[in-house]
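Trainee: Could you take me through one part of this model closely, the surroundings of the ligand, and then place that part in the rest of the chain?

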Amino acid sequence: MSLSRRRFLTGAGGTAAALAIGAGCSTDSGPAGAAARPGSTTVPFEGEHQAGVTTATQQRLLFVAFDVLPGTQPADLSLLLQTWTTLARRLTQGQTAGNTAPAGGAPPDDNGEALGLGPNSLTMTFGFGRSLFVATDGTDRFGLAAKLPAALQDIPSFGSLDVLDPQRSNGDIGVQICCDDPQVAFHAVHHLARTSKGVLTARWSQLGFGPSSSTSTKQTTPRNLMGFKDGTNNLNGEDRAAMTEAVWVGASDGPAWMTGGTYLVARRIRILLEVWDRASLTDQQTTFGRKKLNGAPLSGSTEFDDLDLDNKDRDGVPTIPLTAHVRLAHPTTSGVKLLRRGYNYADGIDAVTGQLDSGLFFIAFQRNPATQFVELQQQLAHVDALNEYIKHTSSALFAVPPGVAADGWIGRSLFE
Ligand code: HEM
């Protein structure tokens with residue numbers, strides 16, 4: 001155990017109450033009549049499932065993937081996950097990572113960059129990549145190979161749509177951090193990195209600045225960077241039956257340690273805005289099969305009208321084209337349902353082309369990636385009109401274990 005983690009654990013345990021910067025509360029409504037403090041909203045950390053999946057999308061994303069350093073032992077990993085659980089439990093509930101002002105010349109356990117900001121609905125969602133179980137040459141790195149879920153297979157190539165950067169793809173452990181303040185997200189990742197020193201190295205990270213999908217009936221549908229409302233026909237996190245059917249791993253799915261968990265697929269999808277900006281409004285709308293301004297299907301008039309895939313114009317031409325994104329992605333065509341929870345990203349200017357390097361950091365949660373994301377993406381890869389305007393530049397898949405009880409820790413079901 002590294003020194004910094006040992007100090008972090010003791011600091012966190014002994015002085016929790018004194019260090020709290022905001023008491024945990026499940027909503028941002030304060031005492032009757034009192035104005036809510038900005039940023040004071042918390043999302044419960046403990047539960048049957050990890051937070052950050054069905055949680056209504058927050059405003060910001062910081063996704064980070066780590067690799068385990070050579071020489072690390074399984075016991076180091078389980079200790080780290082316990083440390084991270086303590087950290088996440090505290091940060092998500094508005095507490096500091098540890099002592100901000102230690103006596104005796106020691107560095108503070110918490111660097112202080114989020115002091116006074118509040119938890120801002122922070123969620124930290126942890127997942128394990130296939131490489132944690134087996135190396136590419138088949139080596140059982142940490143004695144976990146026998147527990148590798150059958151569903152945790154490498155995502156296949158989707159042909160010319162994929163221009164994947166391996167350095168920005170996959171990883172042993174992935175953490176999705178979401179909240180409503182970018183500095184709070186940074187604070188979380190900073191302390192994850194700091195407490196994992198000597199055990200993990202950061203592999204890649206991705207910032208997202210606005211949700212590209214709504215995941216709750218209480219939210220207005222946001223817009224993606226192509227200007228379209230995104231999330232209209234998404235699954236809703238409140239729909240427990242849909243979550244059981246499409247998102248949560250059931251006891252019969254196996255392995256047992258994943259019951260109550262889910263699988264997270266992340267795809268960094270570059271949008272070729274320079275091409276999109278030259279498409280007429282009609283072409284843009286037929287690409288998706290929806291109207292740009294109000295989000296209605298081309299077969300309807302308001303956003304939440306059902307897609308009428310049989311609707312035809314006077315010449316017998318389908319109103320929602322056969323190649324339209326929503327026709328192909330709709331469950332009646334594809335047979336697939338998943339929970340989309342992606343974010344818009346903008347990573348400056350592409351040094352080679354001089355164009356904006358921006359798009360959608362697509363995230364989807366599902367019960368089985370092979371029969372959900374991969375199946376759907378294989379269908380889209382061949383015919384989706386959207387393909388003219390996008391390139392997939394990174395790919396990752398993580399097995400997200402179930403949530404934790406009051407005395408539990410993330411990944412306990414895998415390591416014990
Ligand atoms: C840059 C890439 C993408 C963009 C800009 C995009 C945008 C959109 C938009 C605007 C809609 C219509 C609104 C809605 O119902 O949410 C939609 C629907 C949908 N998209 Fe995408 N999408 C992208 C990639 C993907 C990918 C990679 C998948 C899965 C493999 C996917 C799956 C879906 C599904 C399932 C629907 C709902 C279809 C329905 O039931 O009506 N999308 N997308």
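Trainee: To get my bearings before we zoom in, how many helices and strands are there in the protein?

Mentor: Happy to. Please keep in mind that this is a predicted model. The protein has 12 helices and 10 strands, and its chain runs to 416 residues, of which 46% count as buried. Its radius of gyration is 22 Å, which agrees with the value near 22 Å that a compact globule with 416 residues would have. Along the principal axes, the C-alpha trace spans about 80 × 60 × 50 Å. If you look at contacts between residues at least 6 apart in sequence, 74% of them join residues at least 24 apart.

Now to the ligand. A shell of 28 residues surrounds the ligand, and the closest are Phe 228, Thr 232, Asn 233, Ala 329 and His 330. Four elements give two or more residues each to this shell: strand 6 (262–271), helix 9 (325–329), strand 9 (356–366) and helix 11 (370–383). Helix 11 provides the largest share, with 4 residues. Sorted by class, the shell holds 15 nonpolar, 9 polar and 4 charged residues.

Let us move on to the loop between strand 5 (210–211) and helix 6 (240–246), where you will find Ser 216. Is Ser 216 buried, exposed or partly exposed? It counts as partly exposed, because 15 C-beta neighbours lie inside 10 Å; a residue needs 20 or more to be buried, and 12 or fewer to be exposed. Leaving aside residues up to four places away in sequence, Ser 216 touches Ala 56, Asn 236, Gly 237 and Glu 238. Pro 182 sits 34 residues from Ser 216 along the chain, and the C-alpha atoms of the two are separated by 22 Å.

On the other side of helix 6 in sequence, the loop between helix 6 and strand 6 contains Pro 255. The peptide bond from Gly 254 to Pro 255 is cis, with omega near -10°. That is worth a look, since most peptide bonds are trans. Strand 6, which follows this loop, is also one of the elements that give two or more residues to the ligand shell.

There are backbone details of another kind to check as well. Most residues other than glycine have a negative phi. Asn 120, although not a glycine, has a positive phi of about 50°. You can find Asn 120 in the loop between helix 3 (74–92) and strand 2 (123–128), and it is buried because 26 other C-beta atoms lie within 10 Å. Asn 170 also has a positive phi, of about 55°, and it is not a glycine either. Asn 170 belongs to the loop between helix 4 (130–133) and strand 3 (173–179), and with 23 other C-beta atoms within 10 Å it is buried.

Helix 3, which comes before the loop of Asn 120, rounds off the tour. Its 19 residues reach 27 Å from the first C-alpha to the last, close to the 27 Å expected at 1.5 Å a residue. Of those 19 residues, 14 are buried, so helix 3 is largely enclosed by the rest of the structure. Just after helix 3, Gly 94 takes a positive phi of about 85°.

Technical notes. Residues numbered from 1 in each chain as written. Predicted model: local features only at pLDDT ≥ 70, side-chain atom pairs only at ≥ 80, totals over all residues. Near = placed C-beta within 6 Å. Nonpolar A, V, L, I, M, F, W, Y, C, P; charged D, E, K, R; others polar. Contact = placed C-beta atoms within 7 Å. Rg over C-alpha atoms; globule rule 2.2 N^0.38 Å. Expected span 1.5 Å × (residues − 1).
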